[in-house]
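Open the structure in your viewer and keep the sequence panel beside it. The tour below goes from one selection to the next and says what is found at each stop.

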Amino acid sequence: MTLLKNTIGLDIVSPNYEFSCELHRRITVVHGESGIGKSTLVEQIEVSNNSPDIRVKCELHVFVSNSQSWQSALQGARDSVIIFDDERCTEDKEFVKACKENLVKNNLYLILIDRSEKAQDLERVVSSIKMKYGMFSIATREVYNFKSDGIRHWLERDEVEI
Amino acid sequence: MLYVSVGDFTEDCVIDVARYFNIVKRPEWFDDEFVRLAIREIDKSEVIEGEFIKSPVFGAMAPERLSSGCKAVILLRKMSHYIVYGTRCGDNCYPIINELGKIQDIRILLHHCPKMPEDIRATFVESGEEVNNRHDFVEEYYRLRHSLT
């Protein structure tokens, strides 16, 4: 198992909605304008199992978790992409601990739809997981802006501006 | 006036904006011209009548399908006795939040620094500092966040 895995592609295609992204790290933080389709992404995934015309293409299983189910998700899931949409649990110290313990071990990738600084801190913390071969840190932040042209949706790396 | 807090969540803070809005919204809210403006500006949608909204993406839709940011702005307008978690709002919400702050007292909690309009006017609750431009807003936000964490 490695912290740096192959890039994981995620594509969603449905009659009125398309989404495409690549996950380069264990945690990807996503934010963006209101009304651009972030929560619709979550809905598409939630109903895709029961919908013949919503296709989720990913080499890993993709599902949505929340503040009630995150513990079983992080501890029990394997080979999965897990999405959290503005969930408060991502600020919990126990959540951070569970990420450190389980993301690499269980081959999990998280997408956090979250503007808070805590979400970005979590991404930085998990990127610096101490492995048996020493401290490993990643220089680049995996924080993305959610973009849309109405039907198609994608992620662009965030340009931090102060 | 727009009052901005940057500390921890409090009991009078609406954190789960989308679900709270879905529970408390009332049909007459959508007769309010400011609410209609917020829906038009943020979600590019039009209130046709009552809770019947026309969206360029969804067609006819109910208010439950509004974005979290739009719902947050409507809550600020209609339930101004509560603090609304402003980190649920995209940058595109803040021009209209700035305008709302000019006509009534509203309160938000922020755990991130939005890209504010250049002429943002706000008072930071923890310091009492009043700012009237983006640069001063950013400076005071980070000064307070640094001092509180």
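The stops cover one chain as a whole, the contact between two chains, and then a few places in the second chain. Keep in mind that this is a predicted model.

**Stop 1: chain A**

Select chain A and colour it by secondary structure. Four helices and 11 strands make up its assigned elements. The chain has 162 residues, of which 51% count as buried. Switch on a surface: the accessible area of chain A is about 8200 Å², with 46% of it on carbon and sulfur atoms. Among contacts in chain A with a separation of 6 or more, 62% join residues 24 or more positions apart.

**Stop 2: where chain A meets chain B**

Now show both chains. On the chain A side 15 residues are in contact, and they touch 25 residues of chain B. The two chains bury about 1600 Å² between them, and carbon and sulfur atoms carry 43% of that area. Select A:S34, A:R115 and A:E117: these three supply 35% of what chain A buries against chain B, more than any other three residues.

Next, look at the polar side of this interface. Four salt bridges are counted between chain A and chain B. One to display is the pair A:D86 and B:R88, whose closest N and O atoms are 3.1 Å apart. The side of chain A that touches chain B consists of nine charged residues, five polar ones and one nonpolar one. Between the two chains, 11 residue pairs are in polar contact, with both members at pLDDT 80 or more.

**Stop 3: B:H111**

Select B:H111, in the loop that runs between β7 (106-109) and β8 (122-124) of chain B. Is B:H111 buried or exposed? B:H111 counts as buried because its relative accessibility is 6%, below the 20% cut-off. Show everything that B:H111 touches beyond four places in sequence: the list includes A:E91, A:S116 and A:E117 from chain A, and B:V6, B:F9, B:Y85 and B:R145 from chain B. B:G7 is also in contact, and its backbone oxygen lies 2.6 Å from a polar side-chain atom of B:H111.

**Stop 4: helices α2 and α4 of chain B**

Hide chain A and select α2 of chain B, residues 33-43. Start at its N-terminal end, which B:D32 caps with a side-chain oxygen 2.7 Å from the backbone nitrogen of B:F34. The buried residues of this helix include B:F34, B:V35, B:I39 and B:I42, and also B:R36 and B:D43. Their cover includes strands β3 (46-49) and β4 (52-55), together with helices α3 and α4. After the helix comes B:K44, with a positive phi near 55 degrees.

Move to α4, residues 94-103, where B:Y94, B:I96, B:I97, B:N98, B:L100 and B:G101 are buried. These residues pack against β1 (2-5), α2, α3 (68-78) and β7 of the same chain.

**Stop 5: B:L75**

Finish in helix α3 of chain B by selecting B:L75. With a relative accessibility of 1%, B:L75 counts as buried. Which residues surround B:L75, leaving aside its neighbours within four places in sequence? B:L75 is in contact with B:V14, B:V17, B:Y20, B:F21, B:V24, B:W29, B:S80 and B:V84. As a last check of distance, pick the C-alpha atoms of B:L75 and B:E99: they are 24 residues apart along the chain and separated by 15 Å.

Definitions and conventions:
Residues are numbered from 1 along each chain as its sequence is written. Chains are lettered from A and ligands numbered from 1 in the order in which they are written. This is a predicted model: local features need pLDDT of at least 70, side-chain atom pairs count only at pLDDT 80 or more; totals for chains, interfaces and linings use all residues. Side-chain values use heavy atoms; hydrogens and water are left out. Contact means heavy atoms within 4.5 Å. Buried area is the accessible area (1.4 Å probe) that two parts lose on being put together, summed over both. A salt bridge is a side-chain nitrogen of Lys or Arg within 4 Å of a carboxyl oxygen of Asp or Glu. A polar contact is a pair of N or O atoms within 3.5 Å; within protein, one must be able to donate a hydrogen and the other to accept it, and residues adjacent in sequence count only if both atoms are side-chain atoms. Ala, Val, Leu, Ile, Met, Phe, Trp, Tyr, Cys and Pro count as nonpolar, Asp, Glu, Lys and Arg as charged, and the others, Gly among them, as polar. Helices (H or I, at least four residues) and strands (E, at least two) are DSSP runs, numbered from the N terminus. Buried means under 20% relative accessible area, exposed over 50%, partly exposed in between (1.4 Å probe, protein chains only). Accessible areas come from the Shrake-Rupley method with a 1.4 Å probe; for residues, only the protein chains shown count as cover.
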